[in-house]
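Reader: I'd like a close look at one part of this model, residue by residue. Please take the end of one helix and work outward from there.

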Amino acid sequence: MTGDRRALVLGGGGVTGVAWEIGLLYGLAEHGLDLTGADLFVGTSAGSVVAAQVTTGAGLADMYAAQRAAVTRELAAKVGAKVILHFAVAGLWPGDGRQGRARIGRAALRARTVPEAERRAVIAQRISTDEWPATPLLIPAVAAETGEVVVFDRDSGVSLIDAVAASCSVPLVWPPTTVNGTRYVDGGVRSVANVDLAKGHERVVVIAPMTRSARRAGRPDAQAAALGPAVRSVVVSPNAAAVRAIGRNALDPARRAPAAEAGRAQAAEAVARIREVWT
């Protein structure tokens, strides 16, 4: 073990989560701490969008400016009580949770949503290329029919846009994404950040717009602790000001700008503890 392998884990959190994560990363860079040189990126749902953008060459300044620009081609939606209930049931399912994940996946297959092609077009607009980056990038998603967890990477034979679209397919809100004949739902159905995928790295920074989980073991802080005593880790989630800026609907594109600005502002108070782990 070299002691310097670093992983950046970016969790799910809707369109506002994308904005807040970008704002925080941009703010950290302004304070002299650039996390984009990580040895591994783990991106779940919203985090997969940010990770894909960063690893394929998008600059943080341009990414931040895009979040503050007028909304274009974004689809507004809302996570209702029914969706929250399904996530809770899936999270509390006994055993490895596969049957619980399949339950919410099959509900997603029956749900009325926008056409899959329309949703994919939105994802494609966010990602500049369909080619996987050279930097290791892991993107989890869940097979809707079986509840099986699949982690896409550059060796999966799957396009980058399809992998991101699958991980962002919030069940009952957006349509499941078809990849090589299998339909997938959001990687957040398994875990809001999937921190355990960073196993094998000694320094792990987790940026998690959402931290709640039906089971404590699924929370980002618990997963980070489970990586082992030799791993230095830190979990950063929205502070009180960011929570207010994000609002109650993580899928409201009108909240992108305030969420991004709140993330940038939060960097000032988070930079010291992140630097302690990262450097």
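Author: What follows starts at one helix end, then turns to a helix pair and a loop residue. The model is predicted.

Start with helix α7. This helix covers residues 160-167, and S167 belongs to it. Is S167 buried or exposed? S167 has a relative accessible area of 0%. The cut-off for buried is under 20%, so S167 counts as buried.

What does S167 touch, beyond residues up to four places away in sequence? The list includes G43, T44, S45 and S48. It also includes I139, P140 and A141. D186 and G187 complete it. S45 adds a polar detail. A polar atom of the S167 side chain lies 2.9 Å from the backbone nitrogen of S45. For a distant reference, take A240. A240 is 73 residues from S167 along the chain. Their C-alpha atoms are separated by 27 Å.

Now step to A166. A166 also sits in helix α7. Its relative accessible area is 0%, so A166 is buried. Setting aside neighbours within four places in sequence, A166 is in contact with A141, F152, T177 and V179. Y184, V185, D186 and G187 are also contacts of A166. A141, D186 and G187 appear in the contacts of S167 and in those of A166. T177 deserves a distance. A166 and T177 are 11 residues apart in sequence. Their C-alpha atoms are 4.9 Å apart in space.

Next, the helix pair. Helix α1 spans residues 14-30 and helix α3 spans residues 60-68. Their axes come within 9 Å. The axes cross at roughly 140 degrees. An angle over 145 would count as roughly antiparallel, so α1 and α3 are oblique to each other. The crossing is left-handed. On the α1 side, the contact is made by V18, A19, I22, G23, L25, Y26 and A29. On the α3 side, it is made by L60, A61, M63, Y64 and Q67. By class, the residues of this contact divide into 10 nonpolar, two polar and no charged.

Last, the loop residue. H201 lies in the loop between β6 (182-185) and β7 (203-207). Its relative accessible area is 16%, so H201 is buried. Which residues does H201 contact, leaving aside neighbours within four places in sequence? They are R5, R6, A7, D39, L40 and V231.

Definitions and conventions:
Residues are numbered from 1 along each chain as its sequence is written. This is a predicted model: local features need pLDDT of at least 70, side-chain atom pairs count only at pLDDT 80 or more; totals for chains, interfaces and linings use all residues. Side-chain values use heavy atoms; hydrogens and water are left out. Helices (H or I, at least four residues) and strands (E, at least two) are DSSP runs, numbered from the N terminus. Buried means under 20% relative accessible area, exposed over 50%, partly exposed in between (1.4 Å probe, protein chains only). Contact means heavy atoms within 4.5 Å. Axes are lines fitted to C-alpha atoms, for helices over the stretch in contact, and angles run from 0 to 180 degrees between N-to-C directions. Angles under 35 degrees count as roughly parallel, over 145 as roughly antiparallel, 65 to 115 as roughly perpendicular and the rest as oblique. A crossing is left-handed if the near helix is turned anticlockwise from the far one by less than a right angle, and right-handed if clockwise. Ala, Val, Leu, Ile, Met, Phe, Trp, Tyr, Cys and Pro count as nonpolar, Asp, Glu, Lys and Arg as charged, and the others, Gly among them, as polar. A polar contact is a pair of N or O atoms within 3.5 Å; within protein, one must be able to donate a hydrogen and the other to accept it, and residues adjacent in sequence count only if both atoms are side-chain atoms.
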